[in-house]
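Please find below my notes on this structure, set out point by point for a reader who is meeting it for the first time.

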Amino acid sequence: MSIWGAVTKTLGGAKVKKLFMILGMFLSFTLVAAACGSTIEDAADTATDAASDAADAAEEVVEDAMEDDEEDAMEDDAMEEDDAMEEDAMEDDAMAEHLGDGSLGTVVVEAGAEVQIRSLNAISGDVAFLGVPNQRGVEQAVVDYGPIKGFNVTSGQGLDDLCSADGGQAAAQQIVADEQIVGVIGTSCSGAATAAAPLISAAGMVMISGSNTSPALTSDQQGNAGPDYHVGYYRTAHNDLFQGAAMAEFVFTSLGLTTAAAIHDGDPYTEGLANAFANAFEELGGTVTTVTGVAKEDTDMVPVLTEIAAGSPEALFFPIFQPAGDFVADQAPSVPGLENTTLLAADGLLNDGFMGLAQSEGMHFSGPDTRFGTNTNESTGVSAEEFLATYEANNGEAPAAPFWGHSYDAAAMLLDAIDAASWVDGDGNLNIDRQGVRDHLNGIQGYSGLIGTINCDDFGDCGSQKITVILHNDSGDIPGSLENVVFEYAPQ
Amino acid sequence: MTTAVRAKGAPRTGVDWFLLVMRVGLIAFIVIGLLGFVAQQIDPTNAWATWRHGDEGAARLSWAQFQGLVVTGLSQGAMYGLIALGYSMVYGVLGFINFAHGEVFMIAAFTGFIMSTKFDQAGWWDSGAFIPAMLFTIVVATIVATIVAVVMERVAYRPLRGSPRLIPLITSIGVSFFLQNAVILLFGPGAKGYAPFPDWLDKDRINIWQIGESDTGVPEYLLSVENKKLLVIVVAAISMAGLWYFVERTKTGKAMRAVAEDKEIASLMGIDVDRTIVTTFAVGGAMAGIAGILWGILFKSVIATTGFLPGIKAFTAAVVGGVGNLGGAMAGGVSLGGAEALAPLMVLDPWGIEGPSQLRDAVVFTLLILVLLVKPTGLFGERLSSEDRA
């Protein structure tokens with residue numbers, strides 16, 4: 001008799017079915033929990049008006065700029081001391097001059113070994129278009145920067161955040177297990193960062209992301225830390241409060257539309273941005289008819305679009321990813337009530353894969369201002385144009401997503417910080433003070449990067465916060481669409 | 001037969017009470033939700049709606065929007081039904097769930113993608129040759145799916161014939177992973193888009209009898225169906241009818257039913273059991289193949305994991321309709337697809353649940369639980385072989 005038969009016989013067919021049923025119940029409860037568990041309220045709380053903080057920010061800049069001068073002076077001293085040290089072996093003085101108080105311990109790189117940093121980006125799966133250019137940006141920055149105090153730097157094997165909390169957590173565990181690692185450039189996705197940041201922070205390392213934009217990861221721009229903020233987290237990408245505000249202002253003032261709806265997919269990035277947009281839009285005087293969610297694997301969007309159509313919005317903002325975004329853009333015009341609705345998306349869909357689809361034509365996209373032109377990174381002396389030329393020569397293609405410059409600057413900032421917080425001891429080993437690395441990053445003001453001027457606030461937001469909205473008219477001419485800027489936004 | 005577990009007159013146990021509460025609770029939840037929906041259609045600011053949605057009340061659906069939901073549910077459900085047939089037939093004959101069946105569906109959708117891009121490059125896709133090209137694509141995808149299903153049976157399941165049924169079940173999960181990863185290896189992990197379909201298929205609709213205009217001046221019709229969805233429903237209906245004829249009216253179909261009833265006695269009657277089982281897999285594969293192409297027409301894109309969720313839902317549909325019962329599988333698929341499209345707005349939204357569309361998958365599995373609670377043999381009853389009933 002078969003096992004199944006035996007089980008069925010001993011338990012009775014109905015009991016087996018009960019077993020199935022309980023299994024089924026468990027499954028569906030898990031699904032409900034997964035759907036409801038995401039931080040709807042958190043995101044809503046943090047997603048407040050971004051524009052009104054301009055004054056605060058300006059004051060801060062003035063104050064910090066003064067500190068900055070002192071710091072620069074300090075750095076210079078440290079560097080001079082290093083030179084002197086090699087000749088005179090005045091260790092004590094050199095130690096006194098580096099940044100940091102040693103409270104998070106030091107990393108000792110033995111003579112001849114390499115300084116270890118890591119790239120943690122989404123390099124496989126649907127979002128690889130975003131992570132791969134990020135990782136290449138990091139690798140190129142390491143090459144351009146050269147050695148620190150005679151020690152070579154390596155970003156090792158690029159790690160994968162899988163664009164998910166699971167992936168971020170697994171990679172972060174791998175990173176914190178290696179005590180030689182000083183800092184991480186990543187993650188690509190905010191969802192991965194919420195899981196990775198606490199681990200990296202607790203290990204005394206730093207993490208600088210080139211493309212996380214969720215407000216929850218830093219602050220609400222009103223001086224309150226976001227629910228997922230952890231000390232030692234920084235980013236060169238913008239805070240989505242600004243992107244949401246930019247899109248809202250564009251829709252309300254430039255397009256002159258007064259009703260709008262938004263779709264997210266439960267991911268912290270999409271949810272944060274959808275809510276930031278909704279709040280900013282209402283703040284401007286518009287009406288938000290619906291903010292709702294889809295599941296990432298959904299293909300049939302008619303039900304969710306019908307839910308939205310019931311409120312008859314004039315604009316629909318869906319800051320989500322592929323492939324769900326493909327289906328929303330394709331199916332929206334066929335849903336009664338959305339025939340003439342203006343479709344808008346954000347930087348998650350601002351890539352060749354989506355913009356090459358016929359259904360993306362006529363849509364508006366918000367995203368970071370990528371007109372970097374001849375901006376030059378002050379640490380490596382490389383300009384954006386030079387970077388792109390090298391990138392294309394090395395990889396045979398242009399970057400598929402816009403955050404390569406942010407990742408490049410992030411890596412250069414980290415290497416600067418390591419330089420400022422390290423000293424070579426009498427045995428010829430490089431000592432890096434972990435607290436010193438953070439101190440340096442905290443004090444960054446007026447740093448010139450590929451993306452423009454970088455200022456770090458108290459919660460790790462370092463981005464230039466410049467947002468542009470483009471109009472995409474031709475799926476066959478994506479570079480042309482990227483140039484077709486119809487709206488510019490800068491918070492100050 | 002949940003209720004039959006308890007002998008007549010035996011005292012109710014805690015489990016019985018729990019199940020009763022679940023049954024009553026779920027049905028009450030649905031009924032109240034539906035009543036709430038009707039109420040908010042009549043008056044969006046009625047007391048219930050303002051309680052659940054705040055002072056502005058709930059949103060009202062127009063007739064065209066409601067129709068759109070029904071049609072999308074039907075077309076989605078028709079696909080689930082087609083896939084469910086394969087699960088149900090294999091279960092009827094061999095008594096195990098072939099979890100790799102969803103992958104057969106995915107491979108058919110991939111075949112359609114390859115064919116469509118090749119035809120597009122050859123210039124057939126957007127010219128007058130579209131219809132023959134499309135028919136050829138359907139035929140090829142169906143054949144590929146059939147071959148995959150048959151090879152799967154020959155390589156993975158036949159050597160295990162006679163072993164405990166848990167073994168082929170686990171093997172089928174292995175086959176599923178193998179096929180998924182083989183496709184990732186061959187075509188990469190990203191989504192692949194079909195060549196654009198002509199507008200008459202993709203965008204145009206059939207409109208019958210104009211009944212008015214919406215606020216924005218868009219005409220409203222008594223009946224308005226997108227051509228592609230109509231095509232999906234019609235093709236699925238024809239395939240199902242063909243399959244029903246095949247199983248119920250032909251000799252091979254009779255042999256299949258005999259093998260499903262009792263393999264040993266069937267072979268004593270001169271039926272080639274192995275061959276009949278291969279036929280079962282082939283027919284199931286063909287149905288999944290048609291479903292795969294219909295998927296391509298509806299969603300125009302395919303990814304290596306496309307087969308997973310529809311596969312699980314089709315399996316659920318087979319259980320909802322009654323395992324081994326072909327009519328049940330079709331009905332189960334359609335009702336599941338319908339519930340998935342309608343329940344978020346007609347049941348969950350009136351309760352004021354935010355983002356109800358995110359809960360579509362939960363709706364499907366809750367429906368499964370409900371059916372198992374109320375009618376454990378599925379809507380149309382199981383058809384199991386004599387040994388399963390023992």
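1. A residue is called buried when its relative accessible area is under 20%, exposed when that area is over 50%, and partly exposed in between (1.4 Å probe, protein chains only). This is a predicted model, in which local features need pLDDT of at least 70 and side-chain atom pairs count only at pLDDT 80 or more, while totals for chains, interfaces and linings use all residues. Residues are numbered from 1 along each chain as its sequence is written, chains are lettered from A and ligands numbered from 1 in the order in which they are written, and side-chain values use heavy atoms, with hydrogens and water left out.

2. The contact (heavy atoms within 4.5 Å) draws 42 residues from chain A and 49 residues from chain B. Between the two chains about 4,100 Å² is buried, with carbon and sulfur atoms giving 66% of that area; buried area here is the accessible area (1.4 Å probe) that two parts lose on being put together, summed over both.

3. One salt bridge is found across the interface of chain A and chain B, the term standing for a side-chain nitrogen of Lys or Arg within 4 Å of a carboxyl oxygen of Asp or Glu. It is formed by the side chains of A:Asp330 and B:Lys300, at 2.7 Å from N to O.

4. On the side of chain A that touches chain B, at least two residues each come from α1 (3-11), α2 (13-37), β9 (287-293), α11 (302-309) and α12 (324-331) of chain A, where helices (H or I, at least four residues) and strands (E, at least two) are DSSP runs numbered from the N terminus. The most is given by α2(A), with 10 residues.

5. Two cis peptide bonds deserve a look. One joins A:Gly186 and A:Thr187, with omega about 0°, and A:Thr187 sits in the loop between β5 (181-186) and α8 (190-202) of chain A. Another joins A:Gln322 and A:Pro323, again with omega about 0°, and A:Pro323 lies in the loop between β10 (315-317) and α12 of chain A.

6. Positive phi angles also merit checking. A:Cys163, although not a glycine, has a phi of about 55°; this residue is in the loop between β4 (159-160) and α7 (165-176) of chain A, and A:Cys163 is buried, with a relative accessible area of 8%. A:Ser312, likewise not a glycine, has a positive phi of about 35° and is placed in the loop between α11 and β10 of chain A, where A:Ser312 is partly exposed, its relative accessible area being 47%.
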